[in-house]
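Here is a set of exercises to work through with the model open beside you. Try each task before reading its solution.

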Amino acid sequence: MRFRFVGTGDSAQTPCFGCDCQACGRARVISSCQRGPCSAEFWVNASRYLLDAGRMDLVESCERERPAAIFLTHYHADHVQGLLHLRWGLGASIPVFGPKDSHGCADLYRNPGLLDFRAGLKPFKPIHLDGMTVTPVPLLHSKPTLGYCLDDGGTKLAYLTDTLGLPCETESFLRDWEPDVVVLDATYPASHMEPKNHNNLPMAVQIIDRLGCPEAYLTHISHRLEADVLRDPSQLPANIRLAQDNLELQLGMHLAAS
Ligand SMILES: [Zn+2]
Ligand SMILES: [Zn+2]
Ligand SMILES: [Zn+2]
């Protein structure tokens, strides 16, 4: 499986406007340390699929390689804002899958342009692409939200953002499914004791531990979490890494971020 993190930041992104913490300072100097809107992409038989569409250069990216479809986790702006421009493009329509959400975001449903919004996905009902099974799983967030479990017959990867904990049925599905790689929301540092809508680091570590997953990446990372991990890297167990924008994973083999 070829899977790439496109953006790994929270909605403030890194660097965060006006902040001079260590993570923000570093990201202003080293562009590869910046974190954009949380999103990813994967390829199946040379077809490209997007997981969320919040990046602001979505049009340029789709001009380079037109996606076969877009899977949305949910309709918060940081996950869909790129669609506001992309929709007015020309050519064949682009299927958009996502959770059942009667509101969507802004006027996307009323003025979809070339976006073909499909009916809300049923949790746990797999979609079969040519060479990949995608199973949507419910998450716990302030809007209807789905994670996506990707299985290409060789590798299983669970992409789980935005969420605070996991619903019982999702956790038991994942235990039976036994992912090789988990990508999980970890927005806040440990000092953020009562997080809303997103995990803090200890919660994310506990979930990964309960799932018994050998390899995990954290995403939707705030500058505060990153600054805290820079201060004390020992908070991260050996099998868990902070994801990075542009980091590409291939069949469990990690290619360097470009
Ligand atoms: Zn900062
Ligand atoms: Zn959200
Ligand atoms: Zn988000």
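**Exercise 1. Find the residue just after H5 that takes a positive phi, and the one that follows H6.**

Step 1. Just after H5, glutamate 178 has a positive phi of about 55°. Helices here are DSSP runs of H or I with at least four residues, strands are E runs of at least two, and both are numbered from the N terminus.

Step 2. Glycine 212 follows H6, and its phi is positive too, near 65°.

A word on conventions before you go on: this is a predicted model, in which local features need pLDDT of at least 70, side-chain atom pairs count only at pLDDT 80 or more, and totals for chains, interfaces and linings use all residues. Residues are numbered from 1 along each chain as its sequence is written, chains are lettered from A and ligands numbered from 1 in the order in which they are written, and side-chain values use heavy atoms, with hydrogens and water left out.

**Exercise 2. Work out which residues of H5 are buried, and what covers them.**

Step 1. The buried residues in H5 are Thr170, Glu171, Leu174 and Trp177. Buried means under 20% relative accessible area, exposed over 50%, and partly exposed in between, with a 1.4 Å probe and protein chains only.

Step 2. These residues span an arc of only 130° around the axis, which puts them on the same side of H5. The arc is taken over the directions from the helix axis to the C-beta atoms.

Step 3. On the face turned away from that buried side, H5 carries the exposed residues Cys168 and Asp176.

Step 4. The cover over the buried residues of H5 includes strand S8 (132–138), strand S9 (146–151), S10 and helix H6 (201–211). Contact here means heavy atoms within 4.5 Å.

**Exercise 3. Repeat the analysis for H6, and inspect its start.**

Step 1. In H6 the buried set is Leu201, Ala204, Val205, Ile207, Ile208 and Leu211.

Step 2. Their arc around the axis is only 160°, so they sit on the same side of H6.

Step 3. The partners of these buried H6 residues are H5, strand S11 (181–185), S12, H7 and strand S13 (240–242).

Step 4. At the start of H6, a side-chain oxygen of asparagine 200 comes to within 3.0 Å of the backbone nitrogen of methionine 203.

**Exercise 4. Describe the site of the zinc ion (ligand 1).**

Step 1. Cys19 (SG), Cys21 (SG), Cys24 (SG) and His223 (ND1) coordinate this ion at 2.1 to 2.3 Å. Donors are N, O and S atoms within 2.8 Å of the metal (3.2 Å for Na, K and Ca); water is not among the atoms, so sites may look incomplete.

Step 2. The 4 donor atoms around the zinc ion (ligand 1) subtend angles of 102 to 117°, which makes the arrangement tetrahedral. Four donors count as tetrahedral if all angles lie between 85 and 135 degrees; four count as square planar and six as octahedral if opposite donors are over 155 degrees apart and all others between 65 and 115; anything else is irregular.

Step 3. Cysteine 21 lies in the loop between strand S1 (2–7) and helix H1 (22–29) and histidine 223 in helix H7 (residues 223–231), so the pair ties together parts that are 202 residues apart in sequence.

Step 4. Cysteine 21 counts as buried at 19% relative accessibility, and histidine 223 counts as buried at 3%.

**Exercise 5. Which residue bridges the zinc ion (ligand 2) and the zinc ion (ligand 3)?**

Step 1. For the zinc ion (ligand 2), the protein donors are His74 (NE2), His76 (ND1), His141 (NE2) and Asp162 (OD), lying 2.1 to 2.6 Å from the ion.

Step 2. For the zinc ion (ligand 3), they are Asp78 (OD), His79 (NE2), Asp162 (OD) and His220 (NE2), at 2.1 to 2.4 Å.

Step 3. The bridge is aspartate 162, and the two ions lie 3.4 Å apart.

Step 4. The angles are 93 to 168° at the zinc ion (ligand 2), an irregular site, and 87 to 172° at the zinc ion (ligand 3), also irregular.

Step 5. Relative accessibility is 0% for histidine 74, which therefore counts as buried; aspartate 162 counts as buried at 1%, and histidine 220 at 2%.

Note on methods
Polar contact = N/O pair within 3.5 Å; in protein donor to acceptor, adjacent residues only side chain to side chain.
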